[in-house]
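User: Please take a close look at a single part of this model and explain, in terms suited to a first-year student, how that part sits within the whole.

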Amino acid sequence: MWGRLWGFLYNKYFRFWLKWVLRVLTGKCELQRVLGGAAAGARRTLSVERSLVSSKNKVLRNAVHVEEAEVEKCVRDVMKEKRIEQRDTGFKANLHISLLQISGYKKLYLNVENLRKVPYDSENEEHEEQLIELWNLLMPHENLKARISKQWCDIGFQGDDPKTDFRGMGLLGLVNLVYFSKHYTNEARQILSRSNHPKLGYSYAIVGINLTEMAYSLLKNGALKSHLYNMVAGLPQMEHFHQFYCYLVYEFDKFWFEEEPESIMHFNQYREKFHEKVKGLLLDCNVILTLQNTKKP
């Protein structure tokens, strides 16, 4: 309660006067201080985003909603509103990068959401090809005897037709599974093998789809901003979302075996514990969570 009260009082009264005092002392507006004082990455872009969102100036508030094509013009408009010389190339370049990251994050979420909304369609040739590709990547020495087959359980689906397992995350769940298997084939096969452990085993594909939901929810609520703003000096792409998913799959498998759950029946409990661990890591403004970083000695 006291935290919310302080936040209200700060934003309503103290912030204006603090900004005014700092402007008098430094001769610079808040954006100039942020863009001139912080290194590129999440700390700077998050500060820019907060400054723009809380501004009383409509041009500045609207800056966080611009599309990629409008960023350059928006930078000029902001500089004009704040009476910053257009020849200040450092300010211009840094603001341009931050606005690209902010607009890119929103666009990435929309792209991920649109893919999630696409239901798996067994009549769609492309969907079927991706599903068969997943099998071939994970089980290179065993032929799939039929499209509808109990063999799908060998890679962690629940029944003889995987399409029913993609309902929650749609095509996004399949695309993530294929991406990990294609770009980290050895790791994917090793994790699949470990998932068949007689005591600590779990359903590889089902857990993979569950982790897609985790990655999606973290993107949706803004928790991935620090990670993506540090990782990409510009527009985050779908590739970067897939890379984060790969990190989750790799780290969850390690986490599961380190925790040694008594039974798969406790999956939700350990899944939430892992979720909280990841959210905690994402609170660090310097965070970058990728499989490449994880595997470094």
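Analyst:

**Helix 10 and its surroundings**

Helix 10 covers residues 204-220, and its 17 residues reach 24 Å from the first C-alpha to the last, close to the 24 Å expected at 1.5 Å a residue. The model described here is a predicted one. Of the 17 residues of helix 10, 13 are buried, so the helix is largely enclosed by the rest of the structure. After helix 10 comes Gly 222, which has a positive phi, near 90°.

The contacts of Leu 177 give one view of this part. Apart from neighbours within four places in sequence, Leu 177 is in contact with Leu 134, Phe 157, Phe 166, Tyr 204, Ala 205, Gly 208, Ile 209 and Tyr 245. Helix 10 spans residues 204-220, and Tyr 204, Ala 205, Gly 208 and Ile 209 are among the contacts of Leu 177.

Leu 177 also belongs to a wider assembly. The largest nonpolar core has 87 residues, and those touching the most other members are Leu 99, Ile 155, Phe 157, Leu 177, Phe 180, Leu 219 and Phe 244. Helix 12, residues 238-259, gives the most to this core, with 11 residues. The core draws at least three residues from each of domain 1 (1-105) and domain 2 (118-283). In soluble globular proteins, nonpolar side chains tend to be buried together.

A further contact with this region comes from His 275, which is placed in helix 13 (residues 267-282). Not counting residues up to four places away in sequence, His 275 touches Met 214, Ser 217 and Leu 218. With a relative accessible area of 10%, His 275 is buried, because buried means under 20%. Met 265 offers a contrast: this residue is in the loop between helix 12 and helix 13. Its relative accessible area is 72%, so Met 265 is exposed. Met 265 and Tyr 202 are 63 residues apart in sequence, while their C-alpha atoms are 9.9 Å apart in space.

Attention may now turn to helix 9, residues 185-194, where Arg 189 has its place. Arg 189 is partly exposed, with a relative accessible area of 31%. Leaving aside neighbours within four places in sequence, Arg 189 is in contact with Asn 136, Leu 137, Leu 138 and Pro 140. Arg 189 and Ile 155 are 34 residues apart in sequence, and 9.7 Å separates their C-alpha atoms. Ile 155 is one of the core residues that touch the most other members.

Charged pairs add another kind of link. Side chains of opposite charge can pair when their charged atoms come close. The structure holds 14 salt bridges. In one of them, Lys 225 pairs with Glu 49, and the closest N and O atoms are 2.9 Å apart. Lys 225 lies in helix 11 (residues 225-231) and Glu 49 in helix 3 (residues 42-53), so the pair ties together parts that are 176 residues apart in sequence. Glu 49 counts as buried, at 9% relative accessibility.

Another salt bridge joins Lys 182 and Glu 133, with the closest N and O atoms 3.1 Å apart. Since Lys 182 lies in helix 8 (residues 170-183) and Glu 133 in helix 7 (residues 125-138), this pair ties together parts that are 49 residues apart in sequence. Lys 182 counts as partly exposed at 42% relative accessibility, and Glu 133 is partly exposed with a relative accessible area of 27%.

A salt bridge can also lie within one helix: Glu 72 and Arg 76 meet at 3.9 Å, N to O. Both lie in helix 5 (residues 71-81), four residues apart, about one turn of the helix. Glu 72 counts as exposed at 51% relative accessibility, whereas Arg 76 is partly exposed at 39%. In addition, Glu 113, Arg 116 and Lys 117 are linked in a network of salt bridges.

Finally, helix 10 may be placed within the chain as a whole. The secondary structure comes to 14 helices and zero strands. Of the 297 residues of the chain, 46% count as buried. Among contacts with a separation of 6 or more, 65% are between residues 24 or more positions apart. The accessible surface comes to about 16,200 Å², and 52% of it belongs to carbon and sulfur atoms. Within this chain, helix 10 is largely enclosed by the rest of the structure.

Notes. Residues are numbered from 1 along each chain as its sequence is written. This is a predicted model: local features need pLDDT of at least 70, side-chain atom pairs count only at pLDDT 80 or more; totals for chains, interfaces and linings use all residues. Side-chain values use heavy atoms; hydrogens and water are left out. A nonpolar core is a set of buried Ala, Val, Leu, Ile, Met, Phe, Trp, Tyr and Cys residues joined through side-chain atoms within 4.5 Å. Buried means under 20% relative accessible area, exposed over 50%, partly exposed in between (1.4 Å probe, protein chains only). Helices (H or I, at least four residues) and strands (E, at least two) are DSSP runs, numbered from the N terminus. Domain bounds come from an automatic or database domain assignment. Contact means heavy atoms within 4.5 Å. Accessible areas come from the Shrake-Rupley method with a 1.4 Å probe; for residues, only the protein chains shown count as cover. A salt bridge is a side-chain nitrogen of Lys or Arg within 4 Å of a carboxyl oxygen of Asp or Glu. The expected span of a helix is 1.5 Å times one less than its number of residues.
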